[in-house]
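This report walks through a protein model step by step. Keep the sequence and the 3D view open while reading.

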Amino acid sequence: MTVIATREGFWRGMRACVPLIIGLLPFGLVVGVVAQSKGLSMFETALMSAIVFAGTAQILALETWQEAAPVLPATVAALAVNLRFALMGPSLAPWFDAMRGWRRWLSVAAVVDHAWALSLAEMRNGRHDAMFYLGAAFGLWAPWMVSTVIGHAMGSVVALPPGHPLFFAAPACLIALLVPVWRGAGIDILPWAVAAATSLLVTPMLPIPALAVVIGAVSGSLVGAWRDTAGGRA
Amino acid sequence: MIGADLATLLAILGMAAATFAVRASGYLVLRRIQPGPFLRAFLSHLPGTLFVAFAAPAVAKAGLAGLGGAVVTLVVMATTRSTTWSLLAGVGAFWAVRSLAF
């Protein structure tokens with residue numbers, strides 16, 4: 001397999017993202033509105049979208065943001081939410097190897113769900129142009145930036161009071177994501193129940209909501225992994 | 001609006017550094033060492049358990065309205081597969097139940 005890296009591949013990657021923009025916009029707007037309500041400036045909001053570039057982690061961190069910015073909890077939450085990106089590395093590695101210098105590390109810095117999925121589809125079709133990845137990542141990054149900045153601007157104009165029903169959009173984003181993640185009752189019910197119960201139990205005890213989320217998720221996943229490998233289902 | 005305070009900047013940089021570390025470790029490390037079955041199973045459960053662990057206290061805090069909003073979000077997402085419609089319907093349901101309850 002020969003991997004090439006062409007300008008044409010970059011454009012093809014960018015074009016492949018166009019149909020996904022509609023699905024990305026609501027998340028970006030919600031991130032922007034929530035960031036504004038938590039007191040982040042437009043510059044800080046744009047900076048976060050630019051260099052973190054991970055919607056789920058941004059929503060989770062911002063929802064649990066407190067008066068003083070929670071440096072350690074936000075970092076731990078981002079680490080936990082984004083662990084899945086590590087799993088995408090090996091399949092993209094042959095493409096990243098084919099790129100030189102800053103292009104390679106920019107691609108690594110932009111590992112993200114949809115660009116990964118589009119690139120796998122491209123590989124399955126026998127096309128190996130490494131610049132496709134960078135194009136797809138940029139095609140997602142640009143509307144992500146634009147939509148979070150617009151969301152922040154909307155938040156400043158409307159100035160919703162804390163607790164306004166529209167803020168339910170933030171938890172709803174992650175609740176909606178449960179649907180594509182669902183693999184069936186036999187697989188998911190037990191770890192999800194443990195995660196929910198643990199999180200509910202420790203939330204009142206912890207001053208930092210983001211850590212309760214991480215503790216709940218780790219407990220649920222440990223129980224699930226234990227059942228899948230050692231115990232249960234013999 | 002251009003202002004930035006130090007703690008906020010540090011939190012953003014911390015998130016960015018953690019996220020980059022995960023991304024780079026997948027490329028540099030995970031291709032060389034094969035994660036065992038337990039770690040693979042653990043990671044495969046992580047997205048779902050994270051969302052549930054996040055949603056459960058948020059929904060519980062919002063009571064009946066939270067429950068209504070969550071159920072409608074899930075049902076609309078499962079039927080339409082559209083995040084836009086599921087968010088609109090979920091927020092609408094949350095809003096409706098809350099205004100009825102007070």
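## Helix α2 of chain A

F53(A) comes after α2(A) and has a positive phi, near 50°. The model is a predicted one. Helix α2 of chain A itself covers residues 42-51, and its buried residues are E44(A), T45(A), A46(A), M48(A) and S49(A). The cover over these buried residues includes α1, α3 (55-63) and α7 (131-158) of chain A, together with α1 of chain B.

## The two domains of chain A

Chain A has a domain 1, spanning 7-181, and a domain 2, spanning 183-234. Nine residues from domain 1 of chain A and 10 residues from domain 2 of chain A take part in the contact between them. The C-alpha centres of these two domains of chain A are 25 Å apart.

Between domain 1 of chain A and domain 2 of chain A, about 770 Å² of area is buried, and carbon and sulfur atoms give 79% of it. Of the area that domain 1 of chain A buries against domain 2 of chain A, T64(A), P73(A) and V181(A) supply 49%, more than any other three residues.

What polar and charged pairs are found between domain 1 of chain A and domain 2 of chain A? The count of salt bridges is zero. For polar contacts, the rule finds one residue pair across the interface, with both residues at pLDDT 80 or more.

On the side of domain 1 of chain A that touches domain 2 of chain A, the elements giving two or more residues are α4 (71-97) and α8 (169-181) of chain A. The largest share of that side, four residues, comes from α4(A). Sorted by class, that side of domain 1 of chain A has seven nonpolar, two polar and no charged residues.

## Salt bridges

Side chains of opposite charge can pair when their charged atoms come close. Over all chains, a search of the whole structure finds seven salt bridges. The table lists some of them.

| Residue pair | Closest N to O distance |
|---|---|
| R12(A) and E8(A) | 3.6 Å |
| R12(A) and E122(A) | 2.1 Å |
| R31(B) and D97(A) | 2.7 Å |

R12(A) and E8(A) both belong to helix α1 (residues 7-37) of chain A, and because they are four residues apart in it, about one helical turn separates them. Is R12(A) buried or exposed? R12(A) has a relative accessible area of 18%, so it counts as buried, the limit being under 20%. E8(A), with a relative accessible area of 45%, is partly exposed.

R12(A) also forms a salt bridge with E122(A). This second pair links distant parts of the chain, since R12(A) lies in helix α1 of chain A and E122(A) lies in helix α6 (residues 113-124) of chain A, 110 residues apart. Both R12(A) and E122(A) are buried. A network of salt bridges links E8(A), R12(A), E122(A) and R127(A).

The salt bridge of R31(B) and D97(A) crosses between chains. R31(B) is in the loop between α1 (6-28) and α2 of chain B, and D97(A) is in helix α4 of chain A. R31(B) is partly exposed at 31% relative accessibility, and D97(A) is partly exposed too, with a relative accessible area of 33%.

## Chain B and residue T49(B)

Chain B is divided as well, into domain 1 (1-33) and domain 2 (46-101). The C-alpha centres of domain 1 of chain B and domain 2 of chain B lie 29 Å apart.

T49(B) sits in helix α2 (residues 37-61) of chain B. T49(B) has a relative accessible area of 0%, so it is buried. Which residues is T49(B) in contact with, leaving aside its neighbours within four places in sequence? These are P191(A), W192(A), A195(A), A217(A), G220(A) and S221(A).

With S221(A), the side chain of T49(B) makes a polar contact, side chain to side chain, at 2.8 Å. The side chain of T49(B) also reaches the backbone oxygen of H45(B), at 3.0 Å.

Terms used
Residues are numbered from 1 along each chain as its sequence is written. Chains are lettered from A and ligands numbered from 1 in the order in which they are written. This is a predicted model: local features need pLDDT of at least 70, side-chain atom pairs count only at pLDDT 80 or more; totals for chains, interfaces and linings use all residues. Side-chain values use heavy atoms; hydrogens and water are left out. Domain bounds come from an automatic or database domain assignment. Contact means heavy atoms within 4.5 Å. Buried area is the accessible area (1.4 Å probe) that two parts lose on being put together, summed over both. A salt bridge is a side-chain nitrogen of Lys or Arg within 4 Å of a carboxyl oxygen of Asp or Glu. A polar contact is a pair of N or O atoms within 3.5 Å; within protein, one must be able to donate a hydrogen and the other to accept it, and residues adjacent in sequence count only if both atoms are side-chain atoms. Ala, Val, Leu, Ile, Met, Phe, Trp, Tyr, Cys and Pro count as nonpolar, Asp, Glu, Lys and Arg as charged, and the others, Gly among them, as polar. Buried means under 20% relative accessible area, exposed over 50%, partly exposed in between (1.4 Å probe, protein chains only).
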